[in-house]
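Please look through the following model with its cysteines and one charged side chain in mind. The questions after it take these up in turn.

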Amino acid sequence: MPCVSPDGKPTSTGMTTLKSLKADALTAEEVANKTGHPLFRVRSGLRELKNAGFVEETAGKYSLTQSGEEIIR
Amino acid sequence: MTEENSQGTFPVLGQKAPDFEAPTTQGTLRLSDYKGTWLILFSHPADFTPVCTTEFIAFSQIYADLRKRNVELLGLSVDSVTSHIAWIRNVEEKMGVKIPFPIIADLNKDVSKKFGMIHPGQSKTETVRCVFIIDPESTIRTILYYPLTTGRNMAEILRIVDALQTTDKYKVATPANWKPGEPVVVPPPGTTEQAEERLKEGYECKDWYLCTKKLPPS
């Protein structure tokens with residue numbers, strides 16, 4: 001499912017993905033294991049969340065940006 | 001190698017599947033999102049049509065079996081996302097079947113043309129019933145084309161997945177009408193010496209070029 005709504009806010013799937021990154025930076029595979037979502041959806045969702053500015057990627061690991069941290073508070 | 005004509009490209013077995021980015025009922029997806037999993041990419045002529053509806057119900061019914069085999073499903077037609085959503089909601093409401101996999105909305109035919117899914121002898125605008133079985137390295141391993149009037153056989157699609165995965169795991173081939181649990185074909189020998197040795201290796205051989213063996217229970 002899409003992770004970001006047309007209004008720019010994370011969907012429920014997006015929120016689950018963001019919350020999985022609360023403690024640690026994770027790879028897409030690790031997010032899939034943690035959330036139980038299929039890997040293809042996680043990859044697609046992380047791309048949307050990155051484009052929306054909620055996560056950033058460094059060397060294949062995804063972590064929350066300040067916007068990402070604020071939205072899951 | 002790819003065959004190309006005015007309808008686009010016609011991929012062939014063994015080549016890397018062409019990558020794409022496309023809108024689907026589950027967000028924008030790329031072929032590369034499926035790296036590491038098997039993928040069945042299949043096209044149907046149009047939403048809200050009878051044979052396609054029976055196929056989508058049938059694909060949904062084997063989805064759990066496919067996922068146990070690390071296989072995902074991805075549908076495609078040249079309808080819009082809105083049409084796809086309306087159709088799958090209708091299927092759920094009227095037939096009680098939830099469509100769990102994404103469907104590409106290929107309105108501009110970008111993906112259809114890359115995969116040779118439009119066959120003018122069948123329809124100049126709709127995709128025929130294609131099935132592409134793509135392995136975790138994005139290599140096309142099986143291509144099936146069905147005409148507009150013939151719905152696909154899910155048991156055969158599952159059988160092909162089992163055969164391909166068995167071939168990869170055990171480096172064997174599978175005979176006609178093979179099903180999991182049945183003997184598999186040992187690759188034919190490449191030299192006369194191997195042909196001689198073949199007959200002493202405990203396989204069940206009709207002759208030196210046709211030997212089968214049983215696989216360990218999985």
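**A buried glutamate and the cysteines**

In this predicted model, Glu48(A) belongs to helix H3 of chain A, which spans residues 39-51.

Q: Which side chain of opposite charge is nearest to Glu48(A), and how far away is it?
A: Glu48(A) is buried and yet has no salt bridge. A salt bridge would need a side-chain nitrogen of Lys or Arg within 4 Å of a carboxyl oxygen. The nearest side chain of opposite charge lies 6.9 Å away, and it belongs to Arg47(A).

Q: Which residue has its backbone nitrogen 3.0 Å from a polar atom of the side chain of Glu48(A)?
A: Leaving aside neighbours within four places in sequence, Glu48(A) is in contact with Pro2(A), Cys3(A) and Val4(A), and also with Gly27(B) and Thr28(B). Among these, Cys3(A) is itself buried, at 2% relative accessibility. The backbone nitrogen that lies 3.0 Å from a polar atom of the Glu48(A) side chain is that of Val4(A).

Q: What is the handedness of the disulfide between Cys205(B) and Cys211(B)?
A: The structure holds one disulfide over all chains, and this bond joins Cys205(B) to Cys211(B) with an S to S distance of 2.0 Å. Cys205(B) is partly exposed, with a relative accessible area of 27%, whereas Cys211(B) is buried at 0%. The torsion about the S-S bond is about 110°, so the disulfide is right-handed.

Q: Why is the sulfur of Cys130(B) not bonded to the closest cysteine sulfur?
A: Cys130(B) is buried, with a relative accessible area of 0%. A disulfide requires sulfur atoms within 2.5 Å. The closest cysteine sulfur, in Cys52(B), is too far for a bond, because the distance is 12 Å.

Terms used
Residues numbered from 1 in each chain as written. Chains lettered and ligands numbered in written order. Predicted model: local features only at pLDDT ≥ 70, side-chain atom pairs only at ≥ 80, totals over all residues. Heavy atoms only, no water. Buried < 20%, exposed > 50% of the residue type's maximum accessible area, 1.4 Å probe, protein only. Helix = DSSP H or I, 4+ residues; strand = E, 2+ residues; numbered from the N terminus. Lys, Arg positive; Asp, Glu negative; His and termini not counted. Polar contact = N/O pair within 3.5 Å; in protein donor to acceptor, adjacent residues only side chain to side chain. Contact = heavy atoms within 4.5 Å.
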